[in-house]
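Biologist: Before we talk about empty spaces in this protein, could you show me the model, so that I can follow along as a newcomer?

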Amino acid sequence: MTMMKEDGESLAYTPQSILDTDLYKLMMQQAVRRHFPETRALYRFTHRDHNIFFPRNCVYVFQKSIERFRDLSLTLDERDWLEKTCPYFTKEYLDYLAAFQFNPDQVSFKFVPISEDGECGNVEIEAKGLWVETILWEVPMMACLSELYFRIGATDWSYEGQKENASQKARTMLRAGCTFSEFGTRRRRSFYIQDLVVATMKEESEKLRGQGNFVGTSNVYFSKKYNIDPVGTIAHEWFMGIAALKGYEGANAKALELWQKTYPDSFLVALTDTFSTKVFFQDLAKDPDRARKWAGLRQDSGDPLEFAPAAKAMYDSIGVDIRTKNIIYSDALTLEKALKLKKQCDEIGFKCSFGIGTFLTNDFKTKSSRYTEKSRALNMVIKLAQVDEKECVKISDDPTKNTGDKAMIECVKRLYGLSS
């Protein structure tokens, strides 16, 4: 056990900054603080790959690493940068963030052995506390677990060729005229690889000015480091939490209304698939003024090639010009998929852009195969499970991405007229 403790300290992940997170988490924290400051929340980890397990020592080191988040706080330099770069953050919110500290006591862990020797298994993780506090655990906690898994468990890989891969991906997107951003914090292989990818994207975009557009990164720390725009949109948990608190009838409209009160003139890109895109489009079509006000839509599950035609039909039905709208695609993107979607949007008349995550920050091959076989990224999420002890659910356009209590999912499906 002494050896394990020594390994735990030497292998532990050290977070670099409170800004090493995605912009949307800070935006959502500000919105939650304004509208639901006393609401309590429970977040729960889900690992979707049922045949991939964590080494016991990886989970042990993960627990040691989470303790290190206690020492993070916003620096004066970071506060000044946020004030200048992100005018949508109020002084009151930045005061709150400056005083904020992670509380590792909110996070609980359980290792569940699977192997005969008890050294490999699953991990159960929950974060519980005020919503406005626990909301910041998701992104850095996932990034921490991913980095430790590939440092301690799945070690058959290297950084060889990663700079060249990132350059090639950037050049392909830019030369095709694509607008894109880097969305890879949560499931990155390491802090180092995201740093390398963002630096490379910026470098290639400066070489190929006028050919496509690399608009920035979701990661606030790297946005500051490389002087590029932080980018983000509304997330599933906003819809999930509001539906649980205020009722599922008209939940999409309630969520959009409260978001618009917080950000009346920016970040009005709607995520459509919390309770299925079909239901979202039905709800949005009931309010043509809101459909005109919001700049666009984000596609995050289901068949992406079906999305733009369906969106066009919805906008056409209420007389909204689709040439004024943007679609952001963010679901498991590859170069081939992005280029097909751009071609389709060009033909239909939508502007489009791409938020690319795992394909940029966790696209590796195994050393043992001489770099011919894929070293798979972790397929994991941390989702809002409860608010004020009310169950939260997500009904995705991809049934494998549904999350929440099964009985509640079926209840909400019946309410929305969705088939099981």
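Modeller: This is a predicted model, and I will begin with an enclosed space, the second largest cavity, which has a volume of about 50 Å³.

Biologist: Why is this space called a cavity and not a pocket?

Modeller: A cavity is a set of points where a 1.4 Å probe fits but cannot get out, whereas a pocket is an open set, so the term cavity says that the probe cannot leave this space. The second largest cavity is lined by N252, A253, L256, F280, D283, L284, D287 and R290, and the elements that give two or more residues to this lining are α12 (251-262) and α13 (277-285).

Biologist: What makes three residues in the lining of the second largest cavity count as charged?

Modeller: Asp, Glu, Lys and Arg count as charged, and the lining includes D283, D287 and R290, so these fall in the charged class. Beside the three charged residues, the lining of the second largest cavity has four nonpolar residues and one polar residue.

Biologist: How many cavities does a search of the whole structure find, and which residues line the largest cavity?

Modeller: The search finds four cavities of 30 Å³ or more. The largest cavity, with a volume of about 70 Å³, is lined by Y13, P15, S17, I18, D20, T21, F69, L72, F102, L136 and P140. By class, that lining divides into eight nonpolar, two polar and one charged.

Biologist: How do you know that a residue such as R186 belongs to the lining of the largest pocket?

Modeller: A lining residue has an atom within 4 Å of a point of the space, so every residue listed as lining meets that cut-off. The largest pocket is lined by 45 residues, and R186, R187, S330, A332 and T358 lie nearest its centre. Among the elements that give two or more residues to this lining are α2 (23-35), α11 (236-246) and β10 (351-356), while the largest share, four residues, comes from β13. The volume of the largest pocket is about 1000 Å³, and its lining has 16 nonpolar, 12 polar and 17 charged residues.

Biologist: Which residues lie nearest the centre of the second largest pocket?

Modeller: Those are F45, T46, H47, N402 and T403, out of the 27 residues that line the second largest pocket. The elements that give two or more residues to its lining are β1 (40-47), β4 (120-130), β13 and α18 (406-416). This pocket has a volume of about 640 Å³, and its lining divides into eight nonpolar, eight polar and 11 charged residues.

Key. Residues numbered from 1 in each chain as written. Predicted model: local features only at pLDDT ≥ 70, side-chain atom pairs only at ≥ 80, totals over all residues. Heavy atoms only, no water. 1 Å grid on protein atoms, 1.4 Å probe; cavity = no way out; pocket = protein on both sides within 12 Å on 5 of 7 lines; lining within 4 Å. Points joined across faces, edges and corners; volume = space filled by probe spheres on them.
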